[in-house]
Every structure is written in C-alpha cells, then in structure tokens.
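I opened the notebook today to record what I looked up in this structure, working from the whole assembly down to single residues.

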2 protein chains.
Amino acid sequence: MDRPTVHDLARHARVSLATVDRVLNGRPGVREQTISRVQKAIDELGYSRDANAATLARKKPHRFVFLLPRSNNQFLATLMEAIHETASTNAALRANIEVVQAPMRTPEDASHAIRSLDSEALDGLAIMAPETPSIRDAVLNLQARGVQVVPIISDLPNAGCDHFVGINNVAAGRTAALLLGGFSNVSDGAIAVIGGQAMERSFVDRRLGFDAVMRERFAHLEVLPTIEGFDDAGRVEELVIKLLSQRPDLAGIYLASSGTSGLTSALRNVGNANLRVIAHDMTRASRDGLVDGLLDAVIVQDVGHIARSAIRVLRALKDGLPISASQERIRIEIFTRENLPDP
Amino acid sequence: MDRPTVHDLARHARVSLATVDRVLNGRPGVREQTISRVQKAIDELGYSRDANAATLARKKPHRFVFLLPRSNNQFLATLMEAIHETASTNAALRANIEVVQAPMRTPEDASHAIRSLDSEALDGLAIMAPETPSIRDAVLNLQARGVQVVPIISDLPNAGCDHFVGINNVAAGRTAALLLGGFSNVSDGAIAVIGGQAMERSFVDRRLGFDAVMRERFAHLEVLPTIEGFDDAGRVEELVIKLLSQRPDLAGIYLASSGTSGLTSALRNVGNANLRVIAHDMTRASRDGLVDGLLDAVIVQDVGHIARSAIRVLRALKDGLPISASQERIRIEIFTRENLPDP
DNA sequence: CCATATTTGATTGACGTACCTCAAAACATT
DNA sequence: AATGTTTTGAGGTACGTCAATCAAATATGG
C-alpha cells in the first residue's frame with residue numbers, strides 16, 4: 001500500500017535506476033522507446049515524485065522571478081510585500097525568489113523586460129502584464145527555452161500558460177455590478193467604470209462581467225464608456241472630479257483598477273451621499289474609504305495567497321508535481337465597513 | 001547563509017547530536033539545564049526544522065482524526081468529501097487521516113466520543129462540536145496526554161487550543177446582516193434568524209455580528225428571537241412554513257446553520273418575492289436556491305481549505321513547525337445568482 | 001567487420017532529520 | 001567508597017530523490 005518509489009519504477013520497467021532518473025528529470029541520452037517504457041511504468045504504478053525527498057536532494061535552488069509593472073501604486077506595494085514575506089517564511093522550499101519591476105506602459109517595454117531576463121538561470125516566471133501580441137510572443141519564447149510561466153493577477157490567455165494565478169475577474173465584475181446595483185436606490189442614473197489600461201485582461205474581464213449583470217438586472221442604470229485611469233492615483237482623482245461635475249446624474253462609480261487613493265481623495269472633496277462606489281483591493285486608501293463611508297464595498301484578492309500559489313504552481317510545473325486545482329483557486333472577498341477585519 | 005541544521009545546533013550548544021535530537025523531539029532523559037542550552041542555540045541560530053527532511057525520515061505516519069457530529073445534513077457531507085480528498089491527494093504528508101462521526105445532540109454524547117478515541121495512537125484531533133463544559137474538559141484531557149487539538153468550523157474558545165480553523169463567524173454574521181438589510185427595500189418588517197443549536201459557538205458568533213449590524217444600520221427592521229433548527233432540513237422546513245404563516249410582515253430570513261434544503265423547499269411552496277433570504281455554505285440546495293431566486297446570497301466557507309488547513313496546523317503543532325497565520329486564515333466568500341461559479 | 005557514437009547499467013554520496021543501540025560519564029544515595 | 005540511576009555521547013541506518021561517475025552494452029555508419 002506504500003507509494004511506489006523510483007526503485008519500483010526501475011524494476012517494473014526493467015531498466016536501471018539511472019535511466020529512470022534520466023527520464024524523470026528530462027536528461028538526454030535515452031531512446032524514445034525506453035522513455036515510453038518508463039512512462040508506462042509511471043502510469044501503471046501511479047508513481048508521483050515525493051516532493052519532500054526531491055526538495056531535500058536538489059542541489060541548486062530554483063530561481064523564480066516575479067515580473068511586475070513599474071508603478072508606485074499601493075496595490076503593487078502590498079503585492080510585493082506579500083511576495084517577500086512568502087519568500088522569507090518558505091526558505092525550506094529551496095527557491096530563490098526575485099521581484100523585477102519594469103515599465104509596462106507600452107507593449108514594447110514589457111516584452112523587452114521579459115527578453116532581458118537571463119533565461120538560462122531562470123526556472124520560472126510569474127508575470128503581471130497586459131495582454132499584447134509582443135508580450136505573448138516573448139512569453140512563448142521563454143517557455144520554448146524551458147522556463148515555466150504563470151500569469152498572475154491578470155491572465156494571458158493565449159500565451160501557452162497552463163495556469164493562471166488570480167481571481168475570476170468576470171465573476172469579480174459581476175459581483176461589483178451586483179453590489180452597485182443592489183445597494184443603489186435610485187430609479188435611474190449613470191454608472192462610471194474606471195479601468196487601468198484597455199489591454200489589461202483583468203480589466204477586460206471585469207468590465208465584461210460588470211456589463212452583463214448591469215444589463216440583466218439593473219437596466220435602469222446607464223453604464224458609461226470606460227475611462228482609463230492607468231492605475232495612477234493622480235489621474236484617477238482628476239477624472240473623478242471632472243466626472244462628478246459633468247454628470248450630476250451619476251449614481252455609481254466602479255473603479256476596476258488601482259488608484260483608489262485618487263478616488264477617495266476626490267470623493268472626500270466633491271462626493272455626495274447618494275453615490276454608490278465599489279473599488280478593488282485592500283490598501284490603506286480603500287480601508288480608509290470604507291471606514292469613512294466613501295466606498296460601499298471593496299472586492300479583494302488575497303495577495304499572500306497569490307504569491308504562495310504562484311510559487312507552488314511554478315514549482316509543481318518545474319518538478320512535474322500535481323497541481324491541486326481547488327487549493328490554487330484564488331477567492332474573492334468582499335469587504336464593507338461592516339465586515340472589515342482588523343488591520 | 002544556509003539554514004542551520006541539527007549539527008550546527010549541537011556544535012553551538014556544545015552537546016551531542018543525540019541530545020539535540022532528544023530536545024527537539026521531546027524525548028525524556030535530558031536535564032532542564034541542557035534543554036535550555038539547546039533552546040538557546042535554537043533561538044540564536046534561528047533554527048527551524050526542515051519539514052521536508054523530517055517528513056521523509058519519519059517512520060510512523062501521524063494519525064489525525066476529524067471528529068464531526070453525526071447528522072446527515074448536506075454541509076457535513078461536503079466537508080467529509082473534502083477531508084477525504086485532501087487525505088488522498090496529500091499522501092506525501094505521511095499522515096493517516098480518519099473521520100469519526102458521533103452523535104452530538106447532548107454534551108455527554110460529544111465528550112464521550114472524545115474520550116473513546118484511543119489517545120495513545122492519536123497525534124491530532126480536528127473537532128467540530130458545540131461549546132459545553134464537558135466537551136471542553138474532554139479536550140483539555142486529551143491535550144494533557146499530548147494530543148494536539150484544533151476546533152474547526154465552530155470555535156472552542158476556552159479549551160486551550162492555540163488555533164481555530166474556520167471563518168470569523170462574527171464577520172460572517174455582520175456580512176449576512178449587511179446583505180439582508182442592504183438588499184431589502186421595505187420600510188419596516190421582521191427578520192427571522194434560524195440557528196442550529198444554542199451552544200454552537202459558530203452560531204453564537206454569527207448572531208452576535210448579525211445583531212450588531214442590524215442595530216447599527218437597519219434599525220427599522222425588527223430582528224426576532226433565535227429559532228433552533230438543529231441543522232435538520234425537515235425541522236427547518238416546518239419552522240419556516242409556520243413562520244411565514246404567522247408573520248405576514250416577515251421581510252427576511254437568515255439561516256445561520258445547516259438545513260438549507262428545508263428552507264428552500266419551504267420557500268418554493270410558500271415564499272414570496274419580497275422576502276430577502278441569506279443562508280450559509282455551498283450545497284446542492286443552496287446552489288439551486290440561488291439559481292431559482294429563492295436565496296439572495298449564500299455565505300460560503302471553503303471546506304477544502306478548512307480540511308487542508310486543519311491538517312497543516314495539526315502537523316505544525318505536532319512537529320514544532322511555524323504556522324503562517326495569513327495562509328491559515330479561512331476566507332468568507334459571498335455567492336449570489338450573479339457570481340455563482342460553475343459547479 | 002571495425003570504429004565510433006549513443007544508450008544503458010551499476011554504484012555512490014549527498015540532503016537533513018528520525019530513531020535506534022551501546023557505552024561512557026556524571027550524578028545521587030547510602 | 002560502592003552502588004545504582006540519570007544524563008550524555010558516539011555512531012549508525014533509513015527515508016526517496018538528485019546528481020554524478022565510469023564502465024558496459026548496444027546501435028550506427030562506413
């Protein structure tokens with residue numbers, strides 16, 4: 001009833017331990033025919049590598065890089081903090097974890113950042129980036145050289161990645177619409193949606209889900225075209241101030257990107273009590289916004305979970321370990337003034 | 001810069017490897033003075049046991065038991081399924097995981113169930129039980145014999161347990177109130193709260209949070225005294241039918257326990273469109289209830305996360321490993337018809 | 001058929017901890 | 001001082017994998 005080991009594999013496939021090792025670790029010098037014989041033994045015995053022994057025996061630690069946009073918004077700061085905390089508390093994983101920030105305002109920036117990573121010394125990349133052809137190609141290129149890639153926060157659907165580490169952003173958008181529409185008590189009015197960049201998949205998905213529910217359930221509210229805030233608090237603040245002066249019928253704002261501090265600071269000055277406001281991510285600004293009644297709800301993705309999950313997934317992909325879908329599902333939390341936990 | 005090993009400890013504390021081992025694993029035959037010398041070395045070097053090597057080297061697997069109420073409600077079924085799935089996908093943990101169900105309608109039942117566990121062969125217990133003196137004593141007794149105990153789902157605050165694996169039930173109650181009150185659009189009316197057993201801590205906490213927010217924010221709604229449903233669908237159904245006939249002014253129902261299928265089945269027959277209804281936990285009944293518009297929102301705790309977390313915590317307590325608070329925090333999810341994921 | 005390349009086998013030593021045995025040393029008791 | 005008891009040391013094996021070496025077997029091309 002014990003789990004099979006490499007020895008069992010070798011015996012069952014009638015090859016030596018060395019050959020099993022070559023197959024398992026993708027080392028060269030094994031005939032196709034032999035590989036499939038070992039593969040067959042793996043399937044028949046239901047072998048899966050003992051992660052404990054593997055980690056223990058591995059000489060070189062894995063090198064994983066988190067590539068994030070260079071931007072000084074508060075959400076990125078909390079994300080980076082979570083990554084560093086995970087890295088330090090999980091020293092037993094034998095993984096070197098680095099955070100690299102690169103400008104991503106243009107697709108060329110981002111793909112250049114990817115290409116300038118030393119792919120030789122790299123085992124895995126967790127990347128948060130907009131979805132553009134040049135980025136997709138850079139990612140595919142990296143994968144071709146044996147580097148595992150997972151998109152985090154914002155998906156890259158056509159970049160050949162098996163897993164995405166982040167929330168279901170369509171569901172997040174739907175939730176935002178539900179809260180905005182449900183809490184609103186006006187008979188008509190306009191709803192503004194502020195995103196980061198148009199190419200950001202996370203925003204596209206959120207908008208998609210948001211619009212669907214607004215259409216289905218809250219057709220009396222008019223959803224305005226997207227405004228791009230570029231995840232920048234200053235720009236968001238300007239946009240919101242302008243919006244409030246131009247649209248006296250504004251009934252709600254959905255900030256589907258970063259820059260919450262700009263939103264709350266605008267609301268503090270020119271907001272009104274009938275405005276329903278939903279934002280994303282738990283930061284200082286969003287917490288204060290909830291407490292002060294400027295925001296009605298904040299939709300939160302746990303950055304610690306995202307950091308841990310990304311590392312687990314990269315490691316599993318690299319080592320050929322199974323991935324537990326249910327464990328890696330990132331949940332959406334909804335915080336309001338009423339259920340805000342202590343900081 | 002490498003992590004210190006037991007060898008480093010031995011050298012630094014000027015004792016032998018065997019002594020370090022005795023101290024680390026709590027084996028007898030070491031003077032107090034020596035123990036503290038080793039302890040000092042542990043602190044100074046910042047030693048923490050390599051979990052991979054420890055699991056690998058351990059001969060006997062740990063034996064962990066989940067003790068749950070014997071009741072055939074749907075939530076318990078999903079919880080048990082999650083436990084078994086975790087057990088089978090984490091064979092590498094070298095832990096034997098058992099589920100024991102025992103009647104818990106009276107405190108004596110439950111404490112008897114605890115006492116009848118073979119504490120010799122037991123390393124850890126994850127227990128879901130009401131909070132009564134006899135249960136508390138039985139738990140304390142078990143701990144005195146070296147068995148680690150974590151309450152799951154429902155806390156046991158005075159049973160000497162370091163960790164609770166479950167959601168913040170006060171916050172859950174607050175959230176329920178927010179959703180009930182926020183979605184409701186009546187100017188007055190009554191709100192019914194249905195719990196399981198009065199002694200269940202999870203229910204007490206939910207009620208606490210629920211009442212607080214209703215008082216603070218929705219004082220125009222009258223919250224009725226608790227009704228005990230004993231987590232039984234049949235009983236809940238009867239209660240709800242009676243309630244709806246007796247209180248025509250009923251504006252909302254908060255089902256803070258199991259038995260959701262009884263609730264939805266009652267609503268299907270005698271419900272009305274102006275009723276706002278909140279329930280807990282994702283089961284077949286609650287999913288169908290959302291889809292059919294009988295329930296407005298369901299507050300969900302991820303049973304898979306609870307099962308995994310309980311095992312991780314028990315293992316960490318038993319092996320003296322650190323526990324990552326942020327990883328073990330169980331999140332609350334809110335599902336509505338609008339953001340319901342595929343099954 | 002040979003020479004050469006490719007593929008496979010046999011073996012070994014880490015990795016860090018658990019767990020065991022046996023003997024030596026320190027301590028306590030009379 | 002002699003005895004027994006408690007505490008400590010020394011050393012080894014095992015866990016399952018990685019990683020490396022060197023030799024042996026097999027395949028390939030001319």
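The entries below follow the order in which I looked things up.

**Entry 1: the model and chain A**

I note at the outset that this is a predicted model. I began with chain A, for which I counted 14 helices and 11 strands. Along the principal axes, the C-alpha atoms of this chain fill a box of roughly 80 × 45 × 35 Å. I then looked up burial and found that 46% of the 343 residues of chain A count as buried. Taking the contacts in chain A between residues at least 6 apart in sequence, I found that 73% of them join residues at least 24 apart.

**Entry 2: how the two chains are related**

What rotation superposes chain B on chain A? I found a rotation of 180 degrees, with 0.0 Å of shift along its axis and an RMSD of 0.1 Å, which is the relation of a two-fold axis. I also looked for the part of chain B nearest the axis, and there the C-alpha is that of B:N52, 2.2 Å from the axis. The same surface serves both copies, since 97% of the contact residues of chain B recur in chain A.

**Entry 3: the contact between the chains**

I turned next to the contact itself, which takes 33 residues from chain B and 32 residues from chain A. On the side of chain B that touches chain A, the elements giving two or more residues are α4 (51-57), α8 (169-183), α13 (303-319), α14 (325-328) and β11 (332-335) of chain B. Which element of chain B gives the largest share of this side? I found that α8(B) does, with 7 residues. Sorting this side of chain B by class, I recorded 13 nonpolar, 12 polar and 8 charged residues.

**Entry 4: helix α8 of chain A**

Having met α8 in chain B, I looked at α8 in chain A, which covers residues 169-183. At 1.5 Å a residue, its 15 residues should span 21 Å, and I noted that the end C-alpha atoms are 21 Å apart, which agrees. Is α8(A) largely enclosed or largely open? Of its 15 residues 12 are buried, so I entered the helix as largely enclosed by the rest of the structure. The buried residues include A:N169, A:R174 and A:T175, as well as A:A176 and A:L180.

**Entry 5: the nonpolar cores**

I then looked up the largest nonpolar core, which has 90 residues, and those with the most contacts inside it are A:Y254 and B:Y254. Leaving aside neighbours within four places in sequence, I found A:Y254 in contact with A:A176, A:L180, A:I191, A:V193, A:F210 and A:I278; of these, A:A176 and A:L180 are among the buried residues of α8(A). Another core, of 43 residues, lies apart from the largest one, and its members include A:F64, A:F66, A:A95 and A:A126.

**Entry 6: A:G209**

I picked out A:G209, which lies in helix α9 (residues 201-217) of chain A. With 23 C-beta neighbours inside 10 Å, A:G209 counts as buried, because the cut-off for a buried residue is 20 or more. Not counting residues up to four places away in sequence, A:G209 touches A:V170, A:A171, A:A172, A:G173 and A:R174. I also looked up its separation from A:G46, 163 residues apart along the chain, and found 41 Å between the C-alpha atoms.

**Entry 7: the DNA strands**

For DNA strand D, I found 27 surrounding residues, the closest being A:T5, A:A57, B:V15, B:S16 and B:T34. The elements giving two or more residues to this surface are α2 (17-24) and α4 (51-57) of chain A together with α2 (17-24) and α4 of chain B, and α4(A) gives the most, with 4 residues. For DNA strand C, I again found 27 surrounding residues, the closest being A:V15, A:S16, A:T34, B:T5 and B:A57. Here the largest share, 4 residues, comes from α4(B). By class, I recorded 13 nonpolar, 6 polar and 8 charged residues near DNA strand C.

**Entry 8: A:D281**

Last, I noted that A:D281 has a positive phi, near 75 degrees, in a residue other than glycine. A:D281 has its place in the loop between β9 (276-280) and α12 (284-291) of chain A, and with 22 C-beta neighbours inside 10 Å it counts as buried.

Methods
Residues are numbered from 1 along each chain as its sequence is written. Chains are lettered from A and ligands numbered from 1 in the order in which they are written. This is a predicted model: local features need pLDDT of at least 70, side-chain atom pairs count only at pLDDT 80 or more; totals for chains, interfaces and linings use all residues. Copies are superposed by least squares on the C-alpha atoms of residues with pLDDT of at least 70 in both. Two residues are in contact if their C-beta atoms, placed from the backbone, lie within 7 Å. Ala, Val, Leu, Ile, Met, Phe, Trp, Tyr, Cys and Pro count as nonpolar, Asp, Glu, Lys and Arg as charged, and the others, Gly among them, as polar. A nonpolar core is a set of buried Ala, Val, Leu, Ile, Met, Phe, Trp, Tyr and Cys residues joined through C-beta atoms within 7 Å. A residue is buried if 20 or more other C-beta atoms lie within 10 Å of its own, exposed if 12 or fewer, and partly exposed in between; C-beta atoms are placed from the backbone. The expected span of a helix is 1.5 Å times one less than its number of residues. A residue is near a molecule or strand if its C-beta atom, placed from the backbone, lies within 6 Å of it.
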